[in-house]
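Let's take a walk through this structure, one spot at a time. Keep the viewer open as you read.

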Amino acid sequence: MSYLRFEKAVMTNLQESLRRELLRTNRSGAYSSSTLVDCNTRKYHGLLVVPVPELDDENHVLLSSFDCTVVQHGAEFNLGIHKYQGNNFSPNGHKYIREFDASLVPTTIYRVGGVVLKRETIFQAYEDRILIRYTLEEAHSATTLRFHPFLAFRSVRQFTHENSVASREYHAVDNGIKTCMYAGYPDLYMQFNKKNEFIFQPDWYRGIEYPKEQERGYASNEDLYVPGYFELSIKKGESIVFSASTSQIKTSTLKNLFQKEIDVRLPRDNFYHCLVTAAHQFHNREADDTRYLLAGYPWFKCRARDTFISLPGLTLAIDEDDYFELVMSTAERGLREFMEQKPLSVKIYEMEQPDVPLWAVWAVQQYAKYVGRDKCIEKYGKLVFDIVKYIEQGGHPNLRLDDNGLIYSYGRDKAVTWMNSTVNGRPVVPRSGYIVEFNALWYNALKFCASLAADRKDEKTAKHLETLALKTKQSFVDTFVNEYGYLLDYVDGTMMDWSVRPNQIFAVAFDYSPLSQQQMKSVVDICTRELLTPKGLRSLSPKSGGYNPMYVGPQTQRDYAYHQGTAWPWLGGFYMEACLKLYKRTRLSFVERQMVGYEDEIDYHAIGTISELFDGNPPFHGRGAMLFAMNVAEILRTMKLLEKYSYQK
């Protein structure tokens, strides 16, 4: 049985099928996304969603959907489905679905009387082109297919509405047409591999509604433009291929292109293969051949902190060292430009966040473990030393090294940590001063850098860094360890945050910890009791003030909940690393059971991947973005750690 297969009972039940989403990318920033029944429920959904750098740095929905109608004996059966205002669905094409399978490429089987039609969808790698193959598997009489393209030509953050500005002009191209609704946009080419007839019948479909936007407190209605429809006959056993793209293609190549794209796809036949495929979805190759990791889909861009945290898991943990080096080459350039106070030439956001260079050191540290210390020193040794020197000499505008060996960052007015939600321009969690994970990162960086200096026989540098690390270690314990056995979240003068938060787990998980064995065990114990869920660690303990675990409602309501009790799988990755570090093989079965909680999500929210975050209370619903890089990365890294500890005696 297929790993990601859904029967008719699930597909025809809209309460089940509409909550399940699918997103595929081309590894160059474009994507295709909808629900399992191809009913768009977000403004971010669309069959062809592409960046248009001439306009802005957002993605834009060109082709929203592509409805297929089966025509036999003059009777029409529309396989599409759209939600309109008043909870009305029209047409109701989902009722013809017999099954859906996403183990290789998204495949839907429709049955209309004696007609069985298979629809397979694939996004061409590194090209802004969606391909759909229709195969008529059964038919007892002459069959015609009719296709209506629903066009949007708008940013993913906006809506389109009926207007007189939109161009109705189109031009015939090889087995199709090209059209462009607004100036500044690229032409949309819609072509088939065989001859067809395009009937120009322009109309606006008004009042299409997106329930996910309603849930989030946003506007949720738009109108979509349909320029007409394509019509062509199809015989039993025949396959036809449709292409929608920003560039024209020779249509005689479409069949071979579709098969070629399928042949290089990794089957998603188990949990691990799903995660590997998901990891590749975050790849982003720009026109200048620079490589990035997007923080998530559908609305995240490349962010510096997310890049360095997710880089080891998305590359090294799946034996793709070469992609680590490609992304690191781009990220290092941006990091050095920031440290040298030069304009950034790379498309990486939030490089100014104070913990970014420290996470870069951590990422390099993982490279040393996976690839080897000698090669690490050769490729990234200078970067690591330069970062530590940069921080020690006070180069960062919001990172101060104090005489006690701890680093101080001001975050009361603007969020400076990963807990970055804001309301009315102010951080919801104003973490400021000596921040626990910043200083855990700093101690780890000092010790790692000292070890590299020792490897290079640079005794003077190694001794200096070890001396500084010893001071940092003592101050860390004096500042953060409290009488209840856990770590304060941040300390700023007389202000101490006693909230039980997951940021303390980093002080245990990192290779170099300033804590004693007993202190590490105490931290893990309290994280287990108060923060652990089947979906990762909560961002706040239920026993702490302000606990708000349900990420629902309008934007402001969700912002207040974002880091106040919601559960994050990527934090769970560091928690499980801490468990294995402390308890070795005795915790293997425990960690394996934790992984089951993630595998349960593979076929429930965003098919084949892990959502951004989860409610902190049962039943731990997946929320936020459909794909989140740090979550996928840390689960993959945990699986690699499980493999490592399983072979240890």
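What follows goes from helices to a handful of single residues.

First, the ground rules. This is a predicted model, in which local features need pLDDT of at least 70 and side-chain atom pairs count only at pLDDT 80 or more, while totals for chains, interfaces and linings use all residues. Residues are numbered from 1 along each chain as its sequence is written, and side-chain values use heavy atoms, leaving out hydrogens and water.

Start with helix α5, residues 271-281 (helices here are DSSP runs of H or I with at least four residues, strands are runs of E with at least two, and both are numbered from the N terminus). Of its 11 residues, 9 are buried, so α5 is largely enclosed by the rest of the structure. Buried means under 20% relative accessible area, with over 50% counted as exposed and anything in between as partly exposed, using a 1.4 Å probe and protein chains only. The buried set runs through Phe271, Cys274, Leu275, Val276, Thr277, Ala278, Ala279, His280 and Gln281. At the N-terminal end, Asn270 acts as the cap, with a side-chain oxygen 3.2 Å from the backbone nitrogen of Tyr272.

Now swing over to a helix pair. Helix α9 (residues 373-392) and helix α10 (residues 436-455) have axes that come within 9 Å and cross at roughly 130°. That angle makes α9 oblique to α10. For reference, axes are lines fitted to C-alpha atoms, for helices over the stretch in contact, with angles from 0 to 180 degrees between N-to-C directions; under 35 degrees is roughly parallel, over 145 roughly antiparallel, 65 to 115 roughly perpendicular, and the rest oblique. Among the residues making the contact (heavy atoms within 4.5 Å) are Ile377, Phe385 and Val388 of α9, and Trp442, Leu446 and Phe448 of α10. By class, the contact of α9 with α10 has 13 nonpolar, 1 polar and 3 charged residues. Here Ala, Val, Leu, Ile, Met, Phe, Trp, Tyr, Cys and Pro count as nonpolar, Asp, Glu, Lys and Arg as charged, and the others, Gly among them, as polar.

Where does Asp615 sit? Look in the loop between β33 (613-614) and β34 (622-623). Asp615 is buried, at 0% relative accessible area, and its side chain makes a polar contact of 2.8 Å with the side chain of Arg623. (A polar contact is a pair of N or O atoms within 3.5 Å; within protein, one must be able to donate a hydrogen and the other to accept it, and residues adjacent in sequence count only if both atoms are side-chain atoms.) Beyond four places in sequence, the contacts of Asp615 include Pro549, Tyr551 and Phe620.

Arg623 turns up again around Ser611, a residue in the loop between α16 (588-599) and β33. Ser611 is buried at 4% relative accessibility, and besides Arg623 it touches residues including His605, Met626 and Asn631.

Tyr486 is another loop residue, placed between α11 (459-480) and β28 (490-492). With 8% relative accessibility, Tyr486 is buried too. A polar atom of its side chain lies 2.7 Å from the backbone oxygen of Trp498, and Val500, Val523 and Ile526 are among the residues Tyr486 touches.

Last stop: Cys68, in strand β5 (residues 59-72). Cys68 is buried at 5% relative accessible area, and its contacts include Phe77, Leu117, Tyr134 and Phe147.
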